[in-house]
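Got your viewer open? Let's take a short walk through this one, with a few selections to make along the way.

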Amino acid sequence: MVSIWDAEIRRWEKDKPPKSERRLSPILPILFYTGDQSWNVPLTLEALMDLPKELERFIPKFETVQLDVKETEVEVLTQTEHLIGWLLTVLQKEHASPEELSRVLVDMLMHTDTLPADQAAERREAIQYILSLIMYRRPPAEHEALIELVDKHTPTLEVNSMKRTIAHELMEQGIEIGEQRGEQRGEQRGVVRAKREAILKVLHFRFGDIPDTLTRKIGRMRSLERLDSIHTQALEAQAIEDIEA
C-alpha cells in the first residue's frame, strides 16, 4: 500500500498537477487464500508488533477482505459473473477427481464463450491459467484428456500452442512432463523456491532492508525442514539479528 502511494506521489512530482487535485487512491486489500489448511497468519499490523496498549492507537489500521477460496460457495464466487470468480471455481477443484474437475472446467469455459469481444485478451489469459493449472497441478496421465477438453470448448484459440509454451516453461524449471521422477523433482524445487520467497517477503515486511548475507544464505537453502524453521523465526523474531540462518 505504501509503495503504491509513494509511486503516486512521485508522479505528482513529475507531472506537477495542481495541489488541489493531489489525492491518494483508496486501496482495498483483498486476500485470496487458496490453500487447503486453515489460514492462521495475522491480518493486522498490531498482531505483528509487541506493543504496550498505550501505543496501539498509533498503529495504522485497515481492514483486509479475506476470501477463503476452497471454502466459499460457488454461487458466491460467480454471483457477479466476473471471469476471476469462474477461474476460482476451477481452482477449488484442483485436487478433485478428473470427472469433477472436468465438470467445473466445462462450466467455466462455457462462461468464457459469453464474454464480449473487447475481453478477448482476458479470455486468452484465463485459458493460459487453466492450462498451467492442469500441467502444474494434475498428474501427467490426465493432461491429454483435460487439454483436449479445453481445446474442444475454445475453438478460436490456439490451445496446443499455449500448451507447448507452458511445457517449455516446465522443462526449464526441471519438471519433466510425463516422468514421475522429473515431476517430483521439479515440484520439490518449486516448493523450495516458494518457501524462500515467502521468508524474504515476511522479513522485508517486518524489518525493511534485509542484509545481503542473510538473503544469500536463504537463497542457498534446500532443506524444507530448515526453511520451515526460518519461516517460523521470521514471524516470531523481535529483530532481524534473531534470525539463525
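Which loop does Glu158 lie in? Select Glu158 and you'll land in the loop between helix H6 (140–153) and helix H7 (159–172). Keep in mind that you're looking at a predicted model.

Now show the surface around that spot. Glu158 is exposed, with a relative accessible area of 55%; the cut-off for exposed is over 50%. Add Glu144, Glu148 and Asp151 to your selection: together with Glu158 they form a negative surface patch.

Next, turn the surface off and pick Val150, which is found in helix H6. Is Val150 buried or exposed? Val150 counts as buried because its relative accessibility is 0%, and buried means under 20%. To see what surrounds it, select Leu109, Ile127, Ile130, Leu131, Ile134 and Val159: Val150 touches each of these, leaving aside residues up to four places away in sequence. Try a distance label here, too. The C-alpha atoms of Val150 and Leu131 are 8.1 Å apart, with the two positions 19 residues apart along the chain as the separation.

For the last stop, jump to Leu28, in the loop between helix H1 (2–15) and strand S1 (30–33). Leu28 is exposed, at 58% relative accessible area. Bring the surface back and color Leu28 along with Ile30, Phe32, Val65 and Ile84: these residues make a nonpolar surface patch of about 450 Å².

To recap your selections: a negative patch that includes Glu158, a buried valine, Val150, in helix H6, and a nonpolar patch that includes Leu28.

Technical notes. Residues numbered from 1 in each chain as written. Predicted model: local features only at pLDDT ≥ 70, side-chain atom pairs only at ≥ 80, totals over all residues. Heavy atoms only, no water. Patch = residues over 30% accessible without salt bridge, like charges linked within 9 Å, V, L, I, M, F, W, Y side chains within 5 Å. Areas by Shrake-Rupley, 256 points an atom, 1.4 Å probe, with all protein chains shown as cover. Salt bridge = Lys/Arg side-chain N within 4 Å of Asp/Glu carboxyl O. Helix = DSSP H or I, 4+ residues; strand = E, 2+ residues; numbered from the N terminus. Buried < 20%, exposed > 50% of the residue type's maximum accessible area, 1.4 Å probe, protein only. Lys, Arg positive; Asp, Glu negative; His and termini not counted. Charge placed at Lys NZ, Arg CZ, Asp CG, Glu CD. Contact = heavy atoms within 4.5 Å.
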